[in-house]
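User: I've got a chain to go through with you. Can we start with how the helices pack, then move on to the odd spots?

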Amino acid sequence: MDSFNREWQRWFPEDKDKEEKTPSRHGRMVGRVIIAVAGLVVLFILVNAVKGFYTEWLWFSSQGYGSVFTTILKTRLLVFFVAAIIFCLLFLANLILAARLVPQSGVRFWPWAIVSRLQRVIRWNVILGTAFLSLIFGLVAQGNWQVILRFFNGQPFGIADPVFHNEIGFYVFSLPFLQLLKGWFMGALIVILIGTVAMYLLAYGAQRLKLDFSRPVLVHIGGLVIAILGLFAWGYWLGIWELVYSGHGVISGASYADMHARLPAQWILLAVVVILMGVVLFSVFRRKLRWPLYGIGAWIVAAIIIGGIFPALMQRFQVQPNELVRETPYIEYNIQFTREAFALDRIEEQSFPAEPSPTAQDIAQNEVTINNIRLWDHRPLKDTYNQIQSIRLYYDFHDVDVDRYVIDGEYRQVMLSARELSAEKLAGEAQTWVNRKLQFTHGYGVVLSPVNEVSTQGLPNLLLKDIPPVGVFDIERPQIYFGEKTSDYVIVKTDTQEFDYPSGDANVYGRYEGEGGVSLDGFFRRLFYAWEFGDLNILISGELNPESRVLYYRSIQERVNHLAPFLKLDSDPYLVVIDGRLFWIQDTYTTTDRYPYSEPIGGGLNYIRNSVKAVIDAYEGSVTFYVTDPEDALIRTYQAIFPDLFVSAEQMPDSLRVHLRYPEDMFNIQASVYRSYHMRDARVFYNKEDLWAVPREVYAGNEQAVEPYYVIMRLPDEEKEEFLLMLPFTPVNKNNTIGWLAARCDGEYYGKLLAYNFPKDRLVYGPSQIENRIGQDTVITEQLALWGRGGSRVIRGNLLLIPLGKSAVLYVEPVFLQAETGGLPELKRVIVVAGEQIAMEPTLMESIMAIFGDEAPPVEPVPEPLAPEEPTEPEEPVEPEDLVSAEIAELIERARQHYDRAQENLKAGDWAGFGREWDAMEEVLDRLAELAAGE
């Protein structure tokens with residue numbers, strides 16, 4: 001500021017005869033008050049920032065991830081101060097230089113009082129303006145801390161782009177950083193140029209000088225203009241690499257017109273800007289100020305013609321008449337890199353015969369699959385859980401998850417839900433601070449039921465239920481302090497006992513015994529958290545003691561996102577029961593929109609990996625990040641940035657590993673892209689000859705897209721059943737099924753993707769066609785209409801396509817009945833469709849029996865010769881024809897006996913016994929066929 005004062009004195013010479021005037025007492029008082037208020041505001045801002053940093057550090061440290069917080073904090077502070085200081089130095093240096101380059105008139109035009117006041121105003125405006133702008137540019141820079149850290153720690157993808165042959169990491173990590181630098185400096189220099197010109201205008205105007213800038217002034221302004229033009233030239237150079245994201249062609253990525261028109265245009269425009277920089281430099285020294293204007297006009301014209309019109313003309317007259325020929329190599333690049341970016345290149349494709357109808361033998365050979373068909377839909381089941389198991393008004397079931405467990409030695413698919421606390425549902429008079437923050441702190445227990453079992457009342461068969469939980473698992477820690485609904489903070493280990501669970505007319509109280517949360521020991525910690533949460537009670541309550549701990553960020557997704565804000569989260573965290581404890585598994589993704597030649601989906605995302613599984617203890621709140629895809633370059637980059645955050649999936653306990661699911665959001669994205677990118681031939685892709693679509697179904701009277709669903713089934717050519725996520729497909733604008741995509745979830749096969757393609761020369765009914773057939777069945781529609789007229793709401797659940805064995809497909813749809821007002825959803829019927837046959841019965845087994853109970857035996861026998869019977873010595877000669885007739889009669893009787901026993905086993909649900917009797921009957925019928933042929 002001394003430089004400004006000296007230059008100001010030079011602009012306005014001091015009058016030696018001026019009267020010395022001292023500020024009045026009132027003026028001094030006002031100035032002091034303003035300074036004091038400004039100081040208090042700054043102090044408040046600083047203390048508030050320190051408070052935020054301190055509480056955040058305490059929370060991260062309580063999780064064991066203090067290094068994550070310090071890495072982020074140090075990076076953001078360093079970037080902020082470096083950027084702010086650079087801008088401040090550049091801004092002030094140019095203003096001081098401008099002040100010095102202004103010529104001195106030597107004439108005083110203004111009274112000294114005005115000059116003095118104007119001097120103070122300008123000085124403070126410069127100070128405050130510089131501080132404010134430095135703050136803005138510092139905040140902008142530190143807001144991009146992830147881009148900066150990824151640039152300095154980027155790991156290679158191990159593949160190069162097909163046109164410029166740069167490693168993919170250059171586009172994902174380096175190019176965004178270079179664009180950030182260009183944009184930041186461009187903005188800074190433009191602001192500096194505006195401030196510098198304003199300073200010159202002010203100085204010239206204050207001295208009433210003719211607005212005819214001297215050569216030094218022009219050199220100064222011209223230098224800034226040249227620097228800005230240099231950044232534009234750099235932008236054109238960076239724009240060359242940005243062509244790999246172009247959307248001008250038939251695909252995403254550089255197209256024929258991009259490589260043959262826009263690429264040369266970028267180089268030409270770069271040269272134009274460099275020439276313009278020379279014109280500006282030349283005009284400064286020659287004082288030909290019109291030349292830069294002409295140059296800028298020429299630049300704009302070149303940008304329009306060379307950068308816009310020329311590529312458009314090439315696209316119209318060279319590309320479009322021969323588009324397939326011109327674009328074929330670029331379409332191939334797009335197919336290859338899109339499949340790699342979305343991991344579609346890992347899909348193993350197979351043929352699936354899809355016979356017209358399954359047989360009774362298919363049913364018998366897939367007993368585990370049949371016994372695990374999901375009849376319960378998560379939406380009515382959640383309502384049912386809330387009505388029969390919420391126990392108290394303040395408990396709530398937020399979501400129902402699908403998983404699998406070994407129960408009594410059987411591999412079972414189940415549905416389960418956490419009983420979470422909804423403190424907002426407490427009675428109005430109970431909505432006190434003590435109740436909501438100290439006493440009602442956690443949910444309790446879990447409900448679990450098989451996906452296919454129904455009681456005689458149409459309700460789920462609960463294998464884990466009630467409070468305390470009883471059932472197939474012993475749960476030592478049923479308390480749920482961290483869940484999907486736990487959005488408020490609570491304080492534990494206080495002098496107020498926590499409500500644990502209701503027991504009859506009384507309540508059971510307990511105390512938190514974990515180590516989760518942040519200690520509130522000490523006055524300053526309580527003060528800071530009272531300030532953080534805006535809650536004075538934390539500071540003044542007598543119920544808190546040195547052992548008290550505050551639990552916050554208790555929502556699963558909020559907790560994970562706060563620890564790792566660079567990971568995208570799956571929308572459905574799910575609960576698992578392991579070794580008597582409750583855990584949440586949150587799938588997370590590494591994503592980018594910078595993968596070259598990959599087709600972007602909604603939001604611009606064009607690369608995704610499910611690289612991390614976050615596991616959260618529902619009692620302690622501890623979070624562990626397991627890396628499940630170490631080949632992903634993005635997660636390796638984040639591991640380099642935060643080495644203490646992640647652990648290898650090899651350290652995951654086996655009891656947890658068996659509950660990993662392929663995430664639905666990831667599967668949905670892959671399925672959406674695969675609908676087009678299963679076509680790998682450029683010609684077929686260009687003509688859209690084989691586009692697929694997600695089929696439609698009817699749910700609760702409304703048509704909707706079929707959602708991916710988990711099943712337990714045996715894949716073709718596999719020996720045992722496994723847990724899968726699957727989704728069928730139909731051709732675009734057609735309703736027949738064309739195939740299905742499956743993601744394996746068990747053991748060493750976790751994450752493997754399989755696509756089964758149906759024959760294209762035969763009709764395989766699709767879900768919407770099956771829905772139409774159900775709607776056209778008079779028996780079914782009359783029954784559903786009768787229930788609807790009786791004041792009940794009929795809910796047709798999800799229609800599931802169930803592949804059986806190597807070639808058969810079975811459709812199953814549950815039907816729920818619910819009273820119009822507050823009724824309990826009950827599963828009343830199960831619709832089964834097999835080929836041309838439809839049945840609707842109270843249970844799945846009855847519907848299957850209605851279709852397969854009277855079916856003729858299979859036509860492909862497995863022959864096994866019967867031992868010849870020893871004939872008894874006849875009293876009279878017996879003709880051979882008589883012997884054959886007697887054997888035929890005996891065989892017919894034996895076949896009937898085996899058939900009857902098979903039907904009894906089928907009714908009892910004994911599929912193994914049914915299979916044995918059916919095979920025995922086949923042997924007898926084979927013998928009959930031999931005798932008939934011989935006869």
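Analyst: Sure. Keep in mind that this is a predicted model. Helix H8 (residues 256–286) packs on helix H10 (residues 323–341), with axes 8 Å apart and an angle of about 100 degrees.

User: What does that angle make H8 relative to H10?

Analyst: Roughly perpendicular, because angles from 65 to 115 degrees count that way.

User: Which residues make the contact?

Analyst: H8 brings Tyr 256, Met 259 and His 260. H10 brings Arg 326, Glu 327 and Tyr 330. By class, the contact of H8 with H10 has three nonpolar, one polar and two charged residues.

User: And H8 with H9? At what angle do the axes cross?

Analyst: At roughly 175 degrees, and the axes of H8 and H9 come within 10 Å. H8 is therefore roughly antiparallel to H9, since the angle is over 145 degrees.

User: How do the residues of that contact divide by class?

Analyst: Into 23 nonpolar, six polar and one charged for H8 with H9.

User: Let's jump further along the chain. How do H22 and H23 cross?

Analyst: Helix H22 (residues 767–776) and helix H23 (residues 778–789) cross at roughly 75 degrees. Their axes come within 5 Å. That angle makes H22 roughly perpendicular to H23.

User: What's in the contact there?

Analyst: From H22, Ile 774, Gly 775 and Gln 776. From H23, Thr 778, Ile 780 and Thr 781. The contact of H22 with H23 counts two nonpolar, four polar and no charged residues.

User: Switching to the surface. What makes up the nonpolar patch?

Analyst: The patch covers about 1200 Å². Its residues include Phe 282, Trp 291, Leu 293, Tyr 294, Ile 296 and Phe 317.

User: Which helix gives the largest share?

Analyst: Helix H9 (residues 290–319), with 11 residues of the patch. Trp 291 sits in H9.

User: Now salt bridges. How many in the whole structure?

Analyst: A search finds 29. One pair is Arg 594 with Glu 242, at 2.9 Å from N to O.

User: Where do those two sit in the chain?

Analyst: In distant parts, 352 residues apart. Arg 594 is in the loop between strand E17 (581–592) and strand E18 (607–617). Glu 242 belongs to helix H7 (residues 215–242).

User: On to backbone oddities. Which residues does the cis peptide bond join?

Analyst: Ile 467 and Pro 468, with omega about -10 degrees. Pro 468 is in the loop between strand E7 (464–465) and strand E8 (470–471).

User: And what is phi of His 165?

Analyst: Near 65 degrees, a positive value in a residue other than glycine.

User: Where is His 165 found?

Analyst: In the loop between helix H5 (145–153) and helix H6 (168–206).

Notes
Residues numbered from 1 in each chain as written. Predicted model: local features only at pLDDT ≥ 70, side-chain atom pairs only at ≥ 80, totals over all residues. Heavy atoms only, no water. Axes fitted to C-alpha atoms, helices over the stretch in contact; angles between N-to-C directions. Helix = DSSP H or I, 4+ residues; strand = E, 2+ residues; numbered from the N terminus. Parallel < 35°, antiparallel > 145°, perpendicular 65-115°, else oblique. Contact = heavy atoms within 4.5 Å. Nonpolar A, V, L, I, M, F, W, Y, C, P; charged D, E, K, R; others polar. Patch = residues over 30% accessible without salt bridge, like charges linked within 9 Å, V, L, I, M, F, W, Y side chains within 5 Å. Areas by Shrake-Rupley, 256 points an atom, 1.4 Å probe, with all protein chains shown as cover. Salt bridge = Lys/Arg side-chain N within 4 Å of Asp/Glu carboxyl O.
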